[in-house]
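Q: Hey, I've just opened this one and don't know my way around yet. Can you walk me through it?

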Amino acid sequence: MNRMAANASPSETECTCPVCCDIFKDPVMLLCGHSFCKHCLQEWWRQSRLQTCPVCKQMFPMAQPPRNLALRNLSEALRQGKIQRANSRSTEICRLHGEKLKLFCQDDRQLICVICRDAQKHKKHNILPIDEAVKPFKVPLKLKMVHLKTKLGTFKAQKSKCDKMARHIKLQAQQTEKTIKEEFQKLYQFLQAEEAARIDAVRKEAKFKSVAMDIRVVNLTAEISSLTDKIKALETELKAEDVSFMMNVKSTMERSQCNLPDPETPSGALLNEAKHLGNLLFTVWMKMKDIIQYTPVTLDPNTGSSLLIISEHMTRSSESFKMQPLPENPERLRSEDVFGSEGFSSGKHSWDVEVGDYWTVGVATRTKDPYSKEVWGIYMCDCTDVLRELYQKNYVRIVSEHSFPQKVSVLLDYDQGILSFFDLDRKTPVHTIKYTFTETVFPFFSKNAKILPAEFAVRIRKPR
């Protein structure tokens, strides 16, 4: 095998299967990067009973390895080249007469020599010199060559798009992972601060009640000591002789008096565990609402134009001063527009949008051709009447003697076919569109739009 590889050209070495030591036939590629003929690999796996790479012995976890199309094309080209070189050395001489092949028999469609032309087999056939016979074949082949080159250009352009999309996927993954970590870091910081505050509250209450209890214990200890001393003195007097006892009876009776009230167990002395632990997670979660925002609609950055910047966790679209290096995936819009990420095909939905100088708000269908989308909505721009005719009948320009809306509320009743727009600041209707929707529609925006967070509340349903 090594001797063959040393005598082979670099391209032939690259196209040689390590198992059969021949040019690849229907090559497949393993995850480790090694390629083999599909039949060779299956036979190797059958004999070894393990799905390992014959070269590096790495396990292959999938049922079927993917085909290596690039290597297959290279191997086929190399095989055809070898065949053509072998044929070119043996086909220039007539095998029957040993003469050079200079003529072409149109009836038999084969090359012949001058002796073959006069033979009985070709005597009545149409014979042409090779230079004349070659033209009718080369012209259609040249046309096919143009078609193949065009096709090659298409495939190269598609590969360039796919390469760009592959790079963008990695960038998306990095940015998304970074954002997720940042958002969870906010939750971690909130939970750590909440944990510290609650532990501090427990410790403060424990310290306060411990000090109070210590003071009470000290007082009770002093009173116990006083009573103990008084009892001992009385016991001593009771043991004295009668004469001695009667001589001190007056003072003894006075010392035997005790005005101390009976001690009571204080209420509320223990730590209020119910306060600190009751519905702990729910209480923390309720407080967490203050740092959490919910938007009923989020933008889909994969549909955003290269002239838009999608930011603030997919809630804002703003104009970009330069074209962004985004891949040309089929979902991406060409104008300064962007879709919402979720579509609606039934029910009632609403979302509020803060708009800028020139904007578009509404709903639209998503199609493979971005230019054939159907839009229902309102827009504000400084375009002329000529440009206005480019918009569809359900795409209405806002005209007002007063200032334009700065915050617009969009209400979609899909089942009733009603799409309404309201000015949030003035609390007045702006426009209403009635249409029987039959396809899934997506929220639709242009530049200078920010989706506002919605207010949400938690309802506690008590058991009956």
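A: Sure, let's start with a cysteine: the sulfur of Cys53 is 3.6 Å from the closest cysteine sulfur, which sits in Cys32, and that is too far for a bond. Keep in mind that this is a predicted model.

Q: What cut-off makes that too far for a disulfide?

A: The two cysteine sulfur atoms have to be within 2.5 Å to count as a disulfide. At 3.6 Å, the sulfurs of Cys53 and Cys32 are too far for a bond.

Q: Is Cys53 buried or exposed?

A: Buried, with a relative accessible area of 0%.

Q: And what about Cys37, which cysteine sulfur is nearest to that one?

A: That would be the sulfur of Cys17, 3.8 Å away, and Cys37 is in no disulfide. Cys37 counts as buried too, because its relative accessibility is 4%, and the cut-off for buried is under 20%.

Q: How many disulfides turn up in the whole structure?

A: Zero, going by a search of the whole structure.

Q: OK, new topic: pockets. What's the volume of the largest pocket?

A: About 720 Å³. It is lined by 23 residues, and the closest to its centre are Gln172, Gln175, Pro301, Ile310 and Met314.

Q: Which element gives the largest share of that lining?

A: α7, with eight residues. α7 covers 135–239, and both α7 and β6 (308–311) supply at least two residues of the lining.

Q: How do the lining residues divide into nonpolar, polar and charged?

A: There are eight nonpolar, 11 polar and four charged residues in the lining of the largest pocket.

Q: You mentioned β6. What is the strand order in its sheet?

A: The order is β6-β7-β17-β9-β13-β14-β15, so to speak read across an open sheet of seven strands with antiparallel pairing. The edge strands are β6 and β15 (428–434), each of which pairs on one side only. From one strand to the next, the twist averages 25 degrees.

Q: How many bridges link β7 and β17?

A: Two, with β7 (residues 316–319) and β17 (residues 449–451) pairing in the antiparallel sense. Ser317 has Ala449 of β17 as its bridge partner.

Q: And how many bridges are there between β14 and β15?

A: Six, also antiparallel, with β14 spanning residues 418–423. Phe422 stands opposite Pro429 in β15.

Q: Which residue takes a positive phi in the hairpin of β14 and β15?

A: Lys427, with a phi near 55 degrees; that hairpin has four residues between the strands.

Methods:
Residues are numbered from 1 along each chain as its sequence is written. This is a predicted model: local features need pLDDT of at least 70, side-chain atom pairs count only at pLDDT 80 or more; totals for chains, interfaces and linings use all residues. Side-chain values use heavy atoms; hydrogens and water are left out. On a 1 Å grid over the protein atoms alone, a cavity is a set of points where a 1.4 Å probe fits but cannot get out, and a pocket is an open set with protein on both sides within 12 Å along at least five of seven lines; lining residues have an atom within 4 Å of a point. Grid points are joined across faces, edges and corners, and a volume is the space filled by probe spheres set on the points. Ala, Val, Leu, Ile, Met, Phe, Trp, Tyr, Cys and Pro count as nonpolar, Asp, Glu, Lys and Arg as charged, and the others, Gly among them, as polar. Axes are lines fitted to C-alpha atoms, for helices over the stretch in contact, and angles run from 0 to 180 degrees between N-to-C directions. Buried means under 20% relative accessible area, exposed over 50%, partly exposed in between (1.4 Å probe, protein chains only).
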